[in-house]
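User: Could you take me through one part of this structure close up? I'd like a connected story rather than a list.

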Amino acid sequence: MFRDTKSSWLRTLRHDVPASLVVFLVAVPLSLGIAMASGAPLVAGLIAAVVGGIVAGALGGSAVQVSGPAAGLSLVVVDLVHTYGWRATCMITLLAGVVQLVLGVFKAARAALVVSPAVIHGMLAAVGVIIALAQLHIVLGGSSQRSAVANLVELPGQIANLHGHKAAVGVLTILVLALWTRLPRRIQVVPAPLAALFAAAVTAWAFGWDVTRVDLSDSVAEWAFPVLPQGDWHLVVGAVLLVALLAGCESLLCCVAVDGMHTGRRADLDQELTGQGVANMVTGALGGLPVAGVIVRSSANVQAGGRTRWSAILHGVWVLVFAFGFGWTITLIPLEALAALLVFIGVQMVNLGHVKKVHGHGEVPVYVVTMVTVILLGLAEGVLAGLALAALLALRRLTMLTVLKREDRDGRLRVTISGSLTFLGVPRLTHELRAIPAGSHVDLDLNIDFMDNAAFEALHSWRLDHERMGGTVDIDELHDEWYTLAASGGRTLPKKSPLKAPDRSWLPWAHRRRTTATPPDSTGAECQLTAGAREFHRRTAPLVRPIFTELARKQQPSHLFITCADSRIVPSLITASGPGDLFTVRNIGNLVPRRGAEPHDDSVVAAIEYATQVLNVRTITVCGHSGCGAMAGLLSAGVQAGSLPGLRRWLRHGYHSLATFIEREGDRLHSGALDVLCRVNVQQQLENLRTYRKVDEQVRAGKLELVGLYFDISSARVHMVPPLRPATPYVGGPAREIVTAEHATSRVLGNSPQTGHAGRG
């Protein structure tokens, strides 16, 4: 135990301490900049960084996520500071933490993920634009306006009245930030924000530029305990909920994103929300900014090698040490450099990668509406507008309906209806169905996930009318039986049962629902086969035609599959293989005649030679199964094959399997003898394969692998069968061994191998 503890501490020292230092260097300038953008005392940003690191890091549900003041919340905070004052804003943050704590305790974290990412990304992009426009005025030496529109209108005049030194410091900061990622990796060990602020401070000091310095003393003097907001309590409650939900959603989405960056333990979202709630209660009580999970610091933590929550906790400790021991260095930073850092961060928040993602899902309108509304009207209004549009688009997708028509070669019209059949789609549905010519033969495929009563009535009425006019309608439901159950007056919602699924290609004919009558001039077997061929042409052939067009040139199977002719064994089904994968041989008992065996049979040998020497397969698989009739015939010493001379001669190739079984089990049969023999037979056929020189040479050279499988029919499970003995080169005369096996078998069972008459067996 002591050794495990020591090893854990060594891993922390090796990975988490260096990562915490990197995150600390990133966090300090970002915290100061976000505090300035939020209209809060600069020390509030450092307090939030300390609390986010230590409290959220220790109590959160993610091992590598780093929390702190978030740029996405700055727009809310600056509005709260203007409305209620700083101390009341701290109380709102504290109450928001209480809300988050309650939501986390009641396991509501997953519900926050129901918010469309397009809304979150659009909101963050708008916040980035607002921050960039506001701080750009400070970079140019002026002061920002109250709204983004006002900042945009005033920007040309601000550019015309540049303040030389202040603008130069801002431009220098942005240049360093932009060019830092192009420098060698060993230089990039220093975080870009720290390098940019350091370059700006040194340059301004060296050239004696007239710039505005950051004064931390004023912000420390402004610090005080929070007070209750004064005003309409409805608005206060709304502000608390807004901070709680925005901070919570941003933290949880960041948590999910960070989970994809590392291979460690997955995050517990409810625990993360609880930790964020406690952190916001503490930061609000201490006079800090609201706390949320931040993707910039979290990704920096992962890239720096952070593995446990200690990296986040230690980063908060380093910020605390810096604030108390080296806070005086902040006064050397030009205010315009901090504003330039915020401009750069704001521009980066308009992430083109997010735009591509939402474009791929058709949610660009939600992104744009949220972004524009936040910029023009405000954060709450923009989020509500985005959520409303996202809900409308989701409703529209749920009611989307596609109707495809095409005529098959046999003159039948095939109609495929896809989507959700609801009352909203009834006008489109009836329009498309009434356009079908009267008296035509229609194959109607319903590829739907829902059907309400209005849609059923419209579809059912059309079918009855069409059949009354001399046409036929064959309905095939590719998913659940919505139409069938409604037409029979049964359940409104279909049961989830695989055997109830209609017309699956892997189901036996007896288990399929038939919607068309059997033609009177056909036998049952012919009807099933021809109907199956028609079904293949109608449904499957269009899907697999490109594959078969490619396979028509040549076959390149990777396996020779030798199995029984039993009708219950479907090789492609039990191996999940497709066309062109298996070169298949089927016979009674999945037998492989040994080289030189009597009676002579070249059919299996020919397949083995062609597969190994022409097709160059890499695997030969022998697959047996439970309850094999051939093995039952062997156990009964030929009684079951008494009137079948051909089968009796063929089963002589199984005498070695029977001899091996008797050697292992003895001459007294038991209840499980048949299944044991079925498994032994697979092992013996693998041995028989080694009697062929080319097969044996390829196995010894590692170019060919012999595999045994056993399919238990009752449980529908495939088992691996180990070989009888380690793979060794075959030696000895096959004809002599065959005779020995026959006589051993006849001696134990008490019958003559020539006659096949039953003895004691």
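Analyst: Let's start in a loop. Pro-599 sits in the loop between β8 (582–587) and α24 (603–613). Keep in mind that this is a predicted model. The peptide bond joining Glu-598 and Pro-599 is cis, with omega at about 0°. That's worth a pause, since most peptide bonds are trans, and most residues other than glycine have a negative phi.

Now for the phi side of that. β8 also borders another loop, the one that runs between α23 (571–574) and β8, and Ala-576 is found there. Ala-576 isn't a glycine, yet its phi is positive, near 50°. Ala-576 is also exposed, at a relative accessible area of 72%.

Elsewhere, Lys-107 has a positive phi too, about 60°, again without being a glycine. Lys-107 belongs to the loop between α4 and α5, and with a relative accessible area of 59% it counts as exposed.

Both of those helices lead us to α12: α4 (86–105) and α5 (109–112) are among the elements that the buried residues of α12 pack against, and so are α11 (233–259) and β2 (291–293). Those buried residues include Leu-269, Leu-273, Ala-279 and Thr-283. Helix α12 covers residues 269–286, 18 in total, and reaches 26 Å from first C-alpha to last, close to the 26 Å expected. At its start, a side-chain oxygen of Asp-268 comes to within 3.2 Å of the backbone nitrogen of Asp-270. After α12 comes Gly-287, with a positive phi near 85°.

Conventions. Residues numbered from 1 in each chain as written. Predicted model: local features only at pLDDT ≥ 70, side-chain atom pairs only at ≥ 80, totals over all residues. Heavy atoms only, no water. Helix = DSSP H or I, 4+ residues; strand = E, 2+ residues; numbered from the N terminus. Expected span 1.5 Å × (residues − 1). Buried < 20%, exposed > 50% of the residue type's maximum accessible area, 1.4 Å probe, protein only. Contact = heavy atoms within 4.5 Å. Polar contact = N/O pair within 3.5 Å; in protein donor to acceptor, adjacent residues only side chain to side chain.
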